[in-house]
Each structure stands twice: as structure tokens, then as C-alpha cells.
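I opened the model and took notes as I went. The entries below follow the order in which I looked things up.

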Amino acid sequence: MADKPTLAVFKFASCDGCQLSLLDAEDELLAVAGAVEIAYFLEARTRQLDGPYDVGLVEGSVTTEHDRQRIQEIRRQCKFLVSIGACATAGGIQALRNWADVDEFITHVYAHPDYINTLDSSTSIAEHVTVDFELRGCPINKNQLVELIASLLHGSKPKVPAYSVCIECKRRGTVCVAVAQGIACLGPVTQAGCGAICPAFNRECFGCYGPKEQSNPISLATHYAATGSDRPHLVRLLRNFNGHAPEFREASDLAQAGPLQVDGDHRVQ
Amino acid sequence: MPANRTFEVKALSRVEGEGALYVKLEGDRVSHVELNIYEPPRFYEGFLRGREVREVSDIVARICGICPVAYQMSASHALEKALGVDVSPAIRTLRRLLYCGEWIESHALHVYLLHAPDFLGYESGISMAADHKEAVERGLRMKKIGNELLEILGGRAIHPINVAVGGFYRAPNKQKLRGLLPDLEWGLQASIETLDLVSSFDFPAWEHEYELVSLQHADEYPLNHGQVVSSGGLRIDVEDYENHFQERHLPQSTALHSVMLPEEKSYLVGPLARLNLCFDQLPATAREHAERCGIDWPSHNNFHSIVARAIELIAAFEEAIEIVRAYQAEPSPSRAVVELRPGVGCHATEAPRGLLYHRYEIGEDHLIAHAKIVPPTSQNQGQIEADLRNYVPSVTHLDDQAATQKCEHLIRNYDPCISCATHFLTLTLDRGERTAERSTL
């Protein structure tokens, strides 16, 4: 019992959906609980073992001064730290405050702004501490989470695809909604992992898994702008659950600033 | 026993989101009760402004990973009212089926993994599985079936992507839905076994005169539609909700705290309120088993909430089976035509944890100009504190640790959803000096 690796699950600003993914792995949950010592997981158990922990899963983004300090202590307590989900890897939907006046948000939602203690930004875990692995998604894919835990148990690097949602669409045999219907879809610049659900349901990808490596959202947004998409719509499409991820952020800021233009080679000017 | 005692839970467990409990006793008198919601605020109502109407259901889903469908449903209906959109009876039925999936997934999670351990003396469903493997595996399979229903209708279980204003982006596949029938039929039997299990639990003999509030509909157990009714005789259309219920902002909380007007009193929403107010609308099998389970309904013992959840599991499986059996053709079109225009609309649906109210104003630019969201847990927060004040004197003979556990158990009756309420909870039992600090990671 004492020899099993220990797992801890921590929550920051989030909806709970990513840690719920572990409980949603109904077929594997009891096996996982048998293979690792679930030492700290407030949503699932009352017993709390003290650290250090072998693996820490962090859900949520940093939005308070207290949490800014707490993540430092969690980093010290965890040998291998994994941020899970769009809030932890990119700041989440609550990172929309990063473009807004937070005081105005507080005044809008709460009668007594002085009771509210919050930072004016929502930031990813990696912006505060070194993260050993990031699992993308809003929400994460529970199979990827189980694969991650299994890999760590075997001492291997977790395998998650680095290609785009487009590849998953092709595999699924979905007709491209961008090409066939002219819908602005983030599939070409979004990392795979969801299984390309949205286009299969006849709608656009809105970037739940964040920018894939070496993606070019600026070029994609420019293409959509040139083919009739409304620029403010493109800004909103990019400013979703991964809106504050650098590649998406850069593209939405550019689209916000003025018309997107292309030269003859379809390069952004 | 010291004259002053504190019962404190710095980080509540087996609840969704982050909160703490603090109770202070002076002798046998409860001098202070506080549910401290330190879950950081996320400002949904702030950043929904300026977003497109079609984006709302995707965004508000992210308020809660356990009950995203509830947010999507209240939002869609409210926006449809603002836009004057009528949905077809086929879409209405499929939305009810989607909601059944969420009730199954959420209730099975709470009954088996979060709440049953309190009654059986375990710190978690994981520990409980060592002695009650069959029961925990039953709960997990029920939860999985709920999630599969959500996947077929919504594209995925957490944060479904197929909910649109006017209906669905794509009608659910008939073959896939019908393929789930054997599992749903198993689930109906499993939910009856669940009721047998939970109704055999030892419940504290403790009652409270609640003002119960839920939707009520003449022809069906409430999910998407109904009038707002209360045990005290209130019966109003959802459009009148804000004239009878208001939110207050308290210092200890990032959640707003609802009161019922004019007395500014606390009230109870959720499975116990629904079952007491809508017993006659239960589908036949659920009603038959509710009547023979050994509890006299209506019940004012909140520890019976787990029994109410089990009865609602029967109802959800029963309804899901009926809808799936009758699903002959995929509706075409899968959604009503929506023409954007300025307007205001509000709606309430029954989330697993209780009534969920949304109101939206669409501006001249056809974007969201104003959003108001009142989640079930912020409506229950005042009642949780009132319950604690009333309940604590019955546990003061216990040592601090045991008394604190009892308080935490009482809170779990509510299945509080703290992420939702942030726009919820810290438990401390103070029999002396208060420690304000959180020691947890």
C-alpha cells in the first residue's frame, strides 16, 4: 500500500469538469484507485494524506493572490505536475477578464465589490510554475487522462496527438464545414483530442483543445475574413476557452485591431 | 465540554467546488454559522455581455462540469423567449431526454460516490468499494449510462456541443439511441435497487419546516417547464420570479445568496423540494416505488434527500426509456429558424440540484447586453446555514470531530455545487477562537 505512487488532485478557478473526468472514467476508476494511492482529491474523498506526492493534477486557473501562492506550495509538493484542461493550460473562459476592466465586472456581478478579492487576470499554471506536462481540452478527454496516469505508472512519456482537429475530421469521414458550408471553423489550428465532435454535429470547431503546435491562427483568420466572415465574429471565436493561449490571443488581438489583409501569396501583411 | 466550541471544516470534501464551514457555539447556543465560499469568482455575467446569442449555451455550460446541460437548457429557453422562437414538440421531447441523461449522471455520482459513504461510514466511494463493490459498480454503470445518453444527444458528456437556440445542431441518431435501450432498461432496475439500498439507511430523526420551491407542471415531473410554486402557496410564472426572489451579497462569500420576498426568508430547492411538491406528477414506476419505500411523503427531513434522488433516478430512467422507444424519426429540421432581434427573456429549469433561473437581454447589436444567472446552490445557501443553526444543538453531545462530520453530512444532503454558486462554501465549528486561515492546499 505504502509503495503505490501517490496522486493528488488540486482545483483552482474552474468548473470541476476536468477532475470529474477521472470519476467519469467509470470502467477504469476502481482500477486506477487500486494502482495509485489517491492521496488528495477533495471532490472524491474526505481523507487527505500529506505530501509530497508523486503526481499532482492541477485543474483551473490562477485568479487570486492566495492561489498565486498556493500553486508555489503545490509545485514544491509534487514530483510530476500536470495541468489539466483549458483553465489550467490557458486561463480558461474566465481569462476574458484579461481584456476587460475587472473592477467593472465585479461591480456588474456583485453588490459589494469590496467583499471580492481577485486578481485582474486569469492565468495558466505554467505562467506561475514549471509544469511537467499539459493535458489540453475543455473538458479534457478522459481516455487521455487514463492514458496519462498509465504512462506515468510505467515511466513512459504520455502519448497525445500533436496534429489538428482536421485530421480527426478526415478519419471520421466528416465533410468539412469550412469548405462545404463556408463556416469559420478553428479545426485547422486546434490540437486534436476531442475526436472532432463539432463538425460531425454540423457546426464549427471552437478551439476547446487550444492551438496545435506550429499553427497559424492569424493566417486562418485572415482567410476567413477574406472569404466573408465578420471580423468581430472571428475575434469572439478565437476568444473562447483557450482565448488567452498565445497563438489564439495574438490572432484575436490582430483581428480586433483592424482589417485582416492578405497579399497575393495569402500571407498576412 | 468547554463552554465555547468551534466546529470547522476548512475544505469541504465530496462536494463540487471549494467551500468551508464555520460554526461557533457559546455553551449550547449556536452563535454563528457561516458557509464560506472561497471558490474564486469567474464573472460569467460580466463577460457574457457582448457575446453572440448562439455562443451562450457553449459558454454557460462551463459554469459547471457536473450540470452543464441545466445551464444550456435554462439559457436556450430564455433566449428563445427573447427572440420569439417556438420549438417543435419533437425538440421539446429530445431536450427532456438530454436532461434525463444529466439527472442520471449527476444523481448516480452523488448517491454512490459522494453521499452514501456518509451513511455507511466511509470517507469515500473508493473506500466504500472495498466492502460494497457491487453497489459502487452499480452506481458507476448507472452514471456511465447517463453519460452515454448525453454523448448521443449532446456530442459529449461534459460540456455538450449540440445544444442550439431553437433545438439541436444535429438530431440524435435513431440507431444509437435505440441501441441504448437495453442499458436504460438495466438502469431502471438498478435505480429501483438503489432506492432499496438508500431507503434502508439510518436517518437522523430531524425535521425542519422548509419553504420548498420548485417548478411544477400539470402533466409531467418538472425538468424544462413549469410554474414556480412553493409549499407556502406561491404559484407564479417564471416571468415573475425576480419579484419574489432576490439575491443578496454577503461578506463571507463569492456566491450571491437568494432570499424569498417579502420576508427575506431562506427556502429549499432541489430533489426533496421537487418530490414533495410534484409527487403526483411522478411517472408510474417511480411513484409506485416511492409509495412503498417506507418514507411518508411529503418529508421535511433533509436527510431523505438521498432517497428523493434515488426516486428521481427511477423517474429519469423511466422517462428516458419511454422517449427512446417512441423515437421513430429524427426531427428535420433539427432546430427552429432563429431571427436575431433585440429582446428580453427569462426561464427556469430544474437542474439536478434545483431551480436554475436565467434572464438575458439582447441588444440592438443583436449581442448579449445583460445576463443574470441564479444557480440552485446560491438559492440553498441561506437554507443550509439555517439548517445548521437548527441541527447543531442535536450534535453538541458529540466530540468536536464527530460533530463536525455530522455537519458536513448535513451539507452533503444539498449536493452543493460550489463552482455554480460562484457568482458557494467554508465549514468551521467554532466553540472558541476562530481560525480564519485555510490550511489546505
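**Contact between chains A and B.** I began with the contact in this predicted model. Chain A puts in 54 residues and chain B puts in 49 residues. I then listed the elements on the side of chain A that touches chain B and give two or more residues to it. The strands there are S1 (6-11) and S2 (37-41) of chain A. The helices are H1 (17-24), H2 (29-35), H3 (65-77), H5 (102-109) and H9 (197-200) of chain A. I sorted the residues of this side by character: 29 are nonpolar, 12 polar and 13 charged.

**Domains of chain A.** Next I looked up the domain assignment of chain A. It gives domain 1 as 6-154 and domain 2 as 165-257. I took the centres of the two domains over C-alpha atoms and got a separation of 25 Å. In their contact, domain 1 of chain A supplies 14 residues and domain 2 of chain A supplies 13 residues. Which element gives the most to the side of domain 1 of chain A that touches domain 2 of chain A? I found helix H4 (residues 86-90) of chain A, with three residues. That side of domain 1 of chain A holds six nonpolar, seven polar and one charged residue.

**Helix H4 of chain B.** I moved to chain B and checked the length of helix H4 (residues 89-120) of chain B. It has 32 residues, so at 1.5 Å a residue it should span 46 Å. Its end C-alpha atoms are 44 Å apart, which agrees. I then looked for a bend. H4(B) bends by about 35 degrees at Val111(B). Is H4(B) mostly covered or mostly uncovered? I counted 25 of its 32 residues as buried, so I noted it as mostly covered. Just after the helix I found Gly121(B), with a positive phi near 85 degrees.

**Tyr122(B).** I stayed in this region and picked Tyr122(B). It sits in the loop between H4 and helix H5 (125-131) of chain B. Is Tyr122(B) buried or exposed? I counted 20 other C-beta atoms within 10 Å. The cut-off for buried is 20 or more, so Tyr122(B) counts as buried. I set aside its neighbours within four places in sequence and looked at what remained in contact. That left Pro117(B), Ser127(B) and Met128(B). I also took the distance from Tyr122(B) to His132(B), 10 residues apart along the chain. Their C-alpha atoms are separated by 11 Å.

**Strands S1, S2 and S3 of chain B.** I turned to the strands that pair with strand S2 (residues 19-26) of chain B. S2(B) is mostly covered, with seven of its eight residues buried. Strand S1 (residues 4-9) of chain B joins S2(B) through six bridges, and the two run antiparallel. I noted one pair here: Arg5(B) opposite Leu25(B). S2(B) also pairs with strand S3 (residues 29-37) of chain B, over four bridges in the antiparallel sense. There I marked Glu26(B) opposite Arg29(B). How many residues lie between S2(B) and S3(B) in their hairpin? I found two, and Gly27(B) in the turn has a positive phi of about 65 degrees.

**Sheet S6-S7-S8 of chain B.** I went on to an open sheet of three strands in chain B. Its order is S6-S7-S8, with antiparallel pairing. Strand S6 (213-216) and strand S8 (235-236) of chain B are the edge strands, as each pairs on one side only. S6(B) and S7(B) are joined by four bridges. In that pairing Gln216(B) faces Gln227(B). Strand S7 (residues 227-230) of chain B is joined to S8(B) by two bridges. Here I noted Val229(B) opposite Arg235(B). S7(B) and S8(B) make a hairpin with four residues between them. In its turn, Gly233(B) has a positive phi of about 105 degrees.

**Helix H13 of chain B.** My last stop was helix H13 (residues 376-391) of chain B. It has 16 residues and reaches 22 Å from its first C-alpha to its last, close to the 22 Å expected at 1.5 Å a residue. Where is the kink in H13(B) centred? I placed it on Gly382(B), at about 30 degrees. H13(B) is mostly covered, with 13 of its 16 residues buried.

Technical notes
Residues are numbered from 1 along each chain as its sequence is written. Chains are lettered from A and ligands numbered from 1 in the order in which they are written. This is a predicted model: local features need pLDDT of at least 70, side-chain atom pairs count only at pLDDT 80 or more; totals for chains, interfaces and linings use all residues. Two residues are in contact if their C-beta atoms, placed from the backbone, lie within 7 Å. Ala, Val, Leu, Ile, Met, Phe, Trp, Tyr, Cys and Pro count as nonpolar, Asp, Glu, Lys and Arg as charged, and the others, Gly among them, as polar. The expected span of a helix is 1.5 Å times one less than its number of residues. The bend at a residue is the angle between axes fitted to the seven residues ending there and the seven starting there. A residue is buried if 20 or more other C-beta atoms lie within 10 Å of its own, exposed if 12 or fewer, and partly exposed in between; C-beta atoms are placed from the backbone. Two strands pair if DSSP finds at least two bridges between them. Domain bounds come from an automatic or database domain assignment.
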